[in-house]
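Trainee: I have a structure to look through and no idea where to begin. Can you walk me through it?
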Amino acid sequence: MKTKNVSSVELTEECLKNALRSKNNTYISLLNDSAVLRAKKADEEIHQNGTMTLLHGIPFSLKDLFITKGIRTTAGSKMLFNYIPPYESFVAQSLLDAGGILIGKTNLDEFGMGATNETSAFGPVLNPLDPKKSPGGSSGGSAVSIIEESSYFSMGTDTGGSIRLPANYCGLVGYRPSYGRVSRYGQIAFSSSLDQAAPIAQCVLDIACIMELISTKDRRDETNLELGKLDLVSNLLSLDLKYIQGKKIGLSEHLLDECEEDVKIEMLKALAHFKKMGAELVPISLPHLKESLPAYYAISSGEASSNLARYTGSLFGLQKSNHELTSAHLKDHYFEQCKTNRTSGFGDEVKFRLLIGALSLLPEKGESLFKKASQVRRLVCQDFELAFSHCDFIFSPVSRTVASDLNSSISFETDSKNDFYNVPASLAGLPALALPFGKGKNNLPTGFQLISKALSDSELLKIGHAFELSLGRDVV
Amino acid sequence: MNCKISLDVLNYLAELSMLKLEKEKLELLQSRLSEFLNLSNCLNGSEFKNLEPLYSNVVNSQFIPREDQIKSSLDIEKVLQNTRLKKLNQFKFNTSMESALNDSESGELN
């Protein structure tokens, strides 16, 4: 755009064309006219003053879990099918202020609860690499929007792997920042102590451009930390392959045992590549991985049962029951109406998580499952602290398999296995970068993730970028 | 130890969650919740017992209360576009909700 080889309007129209042509059920709301209008404005601004930011005039998509002023925001739920927010989320505002062009709101697992993007009230998202496969969830629409070229990057969220899994299934780069790095203001809450806004793009440099814009302090989120501006892009551009030399990459014993053979082979190749580039592979121990999964479900569902208590249909959202009842003895009907609205508004997976949440918050002999899970959470954090005293980064697969089949899982065990590798970093609030590497069964992408110490986002993106450079990927 | 959630407990959880459960889905829910409970057995380990629970990962936060700032309010019309029932620029409960709320305020609602 700087050299006027292409205009924002051209990029936007191309993206919209691809979105309309798509059969992947990627978007819940598409912003045809307003996107083109914004692109025209961006072209004028660029013509007059040059590009304002690295994302000026670039089309992007937003997971429909971010509140957008005047634009329907559904969280993938029937409960909010008609909700039009009167305010803007921090993430949306930051990207729009930077001159980004919002193409549309992407499909997702309902309220972010799911790992295959099949729990959306708006139907499943299909993986363009194989329509019988899941694109991963819950930010499946975000990943697919990039693959089908209807956006150049997307903002999703990551609670227990919701950006890393779609990135892995679709061969993209997904980034879960440190907890507290990005404001959650206006991000519809699933599990407040685990939710993080999370970008997905084609390369680490794109992720860095986005992170620079959204890592500013926002006082409206008490958990958002005052960390100063991240200067990522210039750091990455001045980086060379030597950055990997001497870095210690930790690998927990038996971690790869859970992976299917095709994935395991690629993981070993990735580790060998790190070694070839001068990294040192260090054995570490993460002894509470087994407990992480139930701890994650107890905590996230417990928090969800509180966060989703507000959806009663009494003020906004689905109002299934709307009888004007006059008789005073019908006072109990208030709760009946709430139940009717919630039962009709929430999908099966959300209902299941709410039941888990209620169960985990029930005191049993004075102690709830939620409390026990939070004790385990502390142990998981301690495990990571100890591991990082021996290494700079921790290597882990993202998924046991390549993209899973749609309609394949009904049991809790199979569902939750998708999250196995992703929840430990979430519980500990650590940044995690999912990078594509290699191909597995049916030529579908595989990949791994690197995890670093809390708030070491900059170092993590540097090694990710250096790894991409070492593969000779076109990353600019 | 193999745990199974009883129907009574399931219905109690549904009540707490303000949900009505469909009869044909009870068995599946029972089985999935039991699976979760069995998976959670490992959280009962004695090594966790005396640990301080960790409820948040916010590090270095000073939780300084933000200063009040005067800003214009949200647009009332836009806020109210999300409800079907409104009266005099305010949300309006339907009648049953109003009476329940009144009863609740006067302490009559259990």
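Mentor: We will go through a sheet, a strand, a helix and then the second chain. Keep in mind that this is a predicted model.

Trainee: Fine. What is the strand order in the sheet of chain A?

Mentor: The order is 1-3-2-4-6-5-12-13-11-7-8, an open sheet of 11 strands with mixed pairing.

Trainee: Which strands stand at the edges?

Mentor: Strand 1 (27-30) and strand 8 (280-284) of chain A. Each has a single partner strand, so one side of each has no neighbour in the sheet. On average, neighbouring strands of this sheet are turned by 30° against each other, direction ignored.

Trainee: Let's pick strand 6 of chain A. Which strands does it pair with?

Mentor: One is strand 4 (residues 153-158) of chain A, which pairs with strand 6 in the antiparallel sense over five bridges. Strand 5 (residues 173-176) of chain A is also antiparallel to strand 6, joined to it by two bridges.

Trainee: Which residues sit across from each other?

Mentor: On the strand 4 side, A:Ser154 has A:Ile200 as its bridge partner, and A:Asp158 stands opposite A:Gln196. From strand 5, A:Val173 stands opposite A:Ala201.

Trainee: How many of the residues of strand 6 of chain A are buried?

Mentor: Six of its six residues, which run from 196 to 201.

Trainee: And which residues are on which side?

Mentor: In a regular strand, side chains alternate between the two faces of the sheet. In strand 6 of chain A, A:Gln196, A:Ala198 and A:Ile200 are on one side, and A:Ala197, A:Pro199 and A:Ala201 are on the other. Both faces are covered.

Trainee: Changing topic: helix 2 of chain A. What should its 18 residues span?

Mentor: At 1.5 Å a residue, helix 2 (residues 32-49) should span 26 Å. Its end C-alpha atoms are 26 Å apart, so the two values agree.

Trainee: Which of its residues are buried?

Mentor: In helix 2 of chain A they are A:Ala35, A:Arg38, A:Ala39, A:Ala42 and A:Asp43. They cover an arc of only 145° around the axis, so they lie on the same side of the helix.

Trainee: What do those buried residues pack against?

Mentor: Helix 1 (8-21), strand 2 (59-63) and strand 3 (101-106) of chain A.

Trainee: What about the face turned away from the buried side?

Mentor: That face of helix 2 of chain A carries the exposed residues A:Asp33, A:Glu44, A:His47 and A:Gln48. Just after the helix, A:Gly50 takes a positive phi of about 80°.

Trainee: Now chain B. What is its pattern along the sequence?

Mentor: Chain B reads α-α-α-β-β-α, with four helices and two strands. Of its 110 residues, 19% are buried.

Trainee: How many residues of the two chains are in contact?

Mentor: 63 residues of chain A are in contact with 49 residues of chain B. Helix 9 (289-307), helix 10 (333-345), helix 11 (348-361), helix 12 (369-387) and helix 13 (412-417) of chain A each supply at least two residues of the side touching chain B.

Trainee: Which helix gives the most?

Mentor: Helix 12 of chain A, with 11 residues.

Trainee: And what classes of residue are on that side of chain A?

Mentor: The side of chain A that touches chain B has 34 nonpolar, 15 polar and 14 charged residues.

Definitions and conventions. Residues numbered from 1 in each chain as written. Chains lettered and ligands numbered in written order. Predicted model: local features only at pLDDT ≥ 70, side-chain atom pairs only at ≥ 80, totals over all residues. Buried ≥ 20, exposed ≤ 12 C-beta atoms within 10 Å, placed from the backbone. Contact = placed C-beta atoms within 7 Å. Nonpolar A, V, L, I, M, F, W, Y, C, P; charged D, E, K, R; others polar. Pairing = 2+ DSSP bridges. Expected span 1.5 Å × (residues − 1). Arc of directions from axis to C-beta. Axes fitted to C-alpha atoms, helices over the stretch in contact; angles between N-to-C directions.
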